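Thanks, everyone. I have one structure to walk through today, and I'll keep it quick.

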Amino acid sequence: MINDYIEVNPRKLGGTPVFRETRIPVYVLFDYLEEGYTVEQFLDEYDINPEVVHGFMRAIRGTFVPEEEAEA
């Protein structure tokens with residue numbers, strides 16, 4: 001499910017995981033969050049489909065909680 005939102009391609013940033021159909025590395029979102037910024041601030045800064053970012057966040061969350069809780 002996470003792969004619905006990210007891609008890894010050796011011809012794109014040397015295989016660094018990026019958000020699908022962008023050249024924006026996934027780690028940049030985590031850097032933003034670590035610095036105290038919100039997901040919305042990240043979206044304001046980068047030209048990226050919000051559904052890709054929010055879908056990625058839901059997919060990540062789903063790896064840490066039972067599926068029925070993740071859907072709530």
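Start at Lys12. Its relative accessibility is 17%, so Lys12 counts as buried, the cut-off being under 20%. What does the side chain of Lys12 meet in a salt bridge? The partner is the side chain of Glu7, with N to O at 3.3 Å. Glu7 also has a relative accessible area of 17%, so it is buried too. In general, side chains of opposite charge can pair when their charged atoms come close.

A word of caution before going on. This is a predicted model. Please keep that in mind for every value I quote.

Now, the whole protein. How many helices and strands are there? Four helices and two strands. Along the sequence the pattern reads β-β-α-α-α-α. The C-alpha atoms fill a box of roughly 35 × 25 × 20 Å along the principal axes. There are 72 residues, and buried ones make up 32% of them. The accessible surface is about 5,100 Å². Carbon and sulfur atoms account for 50% of that surface. Then the contacts. Take those between residues at least 6 apart in sequence: 28% of them join residues at least 24 apart.

Back to Glu7 and Lys12 for a moment. Both are in contact with Thr22, and so is Ile48, once neighbours within four places in sequence are left aside. Thr22 sits in the loop between β2 and α1. Is Thr22 buried or exposed? Its relative accessibility is 11%, so Thr22 counts as buried. The side chain of Thr22 also has a polar atom 3.0 Å from the backbone nitrogen of Ile24.

Look at Glu21, in that loop between β2 and α1. Glu21 is at 73% relative accessibility, so it counts as exposed. Its phi is near 65°, a positive value in a residue other than glycine. Leu13 also has a positive phi, near 55°, and is not a glycine either. Why point these out? Most residues other than glycine have a negative phi. Leu13 lies in the loop between β1 and β2. With a relative accessible area of 35%, Leu13 is partly exposed.

Next, helix α3. It runs over residues 50–62, which is 13 residues. At 1.5 Å a residue, α3 should span 18 Å. The end C-alpha atoms are 18 Å apart, so the two agree.

Which residues of α3 are buried? Val52, Val53, Gly55, Phe56 and Ala59. They cover an arc of only 165° around the axis, so they sit on the same side of α3. What do the buried residues of α3 pack against? Four elements: β1 (6–7), β2 (18–19), α1 (26–34) and α2 (39–45).

Pick one of those buried residues, Phe56 in helix α3. Phe56 is at 2% relative accessibility, so it counts as buried. Leave out residues up to four places away in sequence, and Phe56 touches Ile2, Tyr5, Ile6, Phe19, Val26, Leu29 and Phe30. Take Ile6 from that list. Phe56 and Ile6 are 50 residues apart along the chain. Their C-alpha atoms are separated by 7.6 Å.

Now the N-terminal end of α3. Which residue caps it? Asn49 does. A side-chain oxygen of Asn49 lies 2.8 Å from the backbone nitrogen of Glu51.

Glu51 has another partner. It forms a salt bridge with Arg58, the closest N and O atoms being 3.8 Å apart. Glu51 is at 48% relative accessibility, so it counts as partly exposed. Arg58, at 46%, is partly exposed as well. Compare the pair I opened with, where Glu7 and Lys12 are buried. A search of the whole structure finds two salt bridges. You have now heard about both.

One last distance. Asn3 lies in the segment before β1. Asn3 is exposed, with a relative accessible area of 56%. Asn3 and Glu51 are 48 residues apart along the chain, and their C-alpha atoms are separated by 14 Å.

To recap: a buried pair, Glu7 and Lys12, joined by a salt bridge. Then a helix, α3, with buried residues on the same side. That's everything from me.

Notes: Residues are numbered from 1 along each chain as its sequence is written. This is a predicted model: local features need pLDDT of at least 70, side-chain atom pairs count only at pLDDT 80 or more; totals for chains, interfaces and linings use all residues. Side-chain values use heavy atoms; hydrogens and water are left out. The expected span of a helix is 1.5 Å times one less than its number of residues. Buried means under 20% relative accessible area, exposed over 50%, partly exposed in between (1.4 Å probe, protein chains only). The arc is that of the directions from the helix axis to the C-beta atoms. Contact means heavy atoms within 4.5 Å. A polar contact is a pair of N or O atoms within 3.5 Å; within protein, one must be able to donate a hydrogen and the other to accept it, and residues adjacent in sequence count only if both atoms are side-chain atoms. Accessible areas come from the Shrake-Rupley method with a 1.4 Å probe; for residues, only the protein chains shown count as cover. A salt bridge is a side-chain nitrogen of Lys or Arg within 4 Å of a carboxyl oxygen of Asp or Glu.
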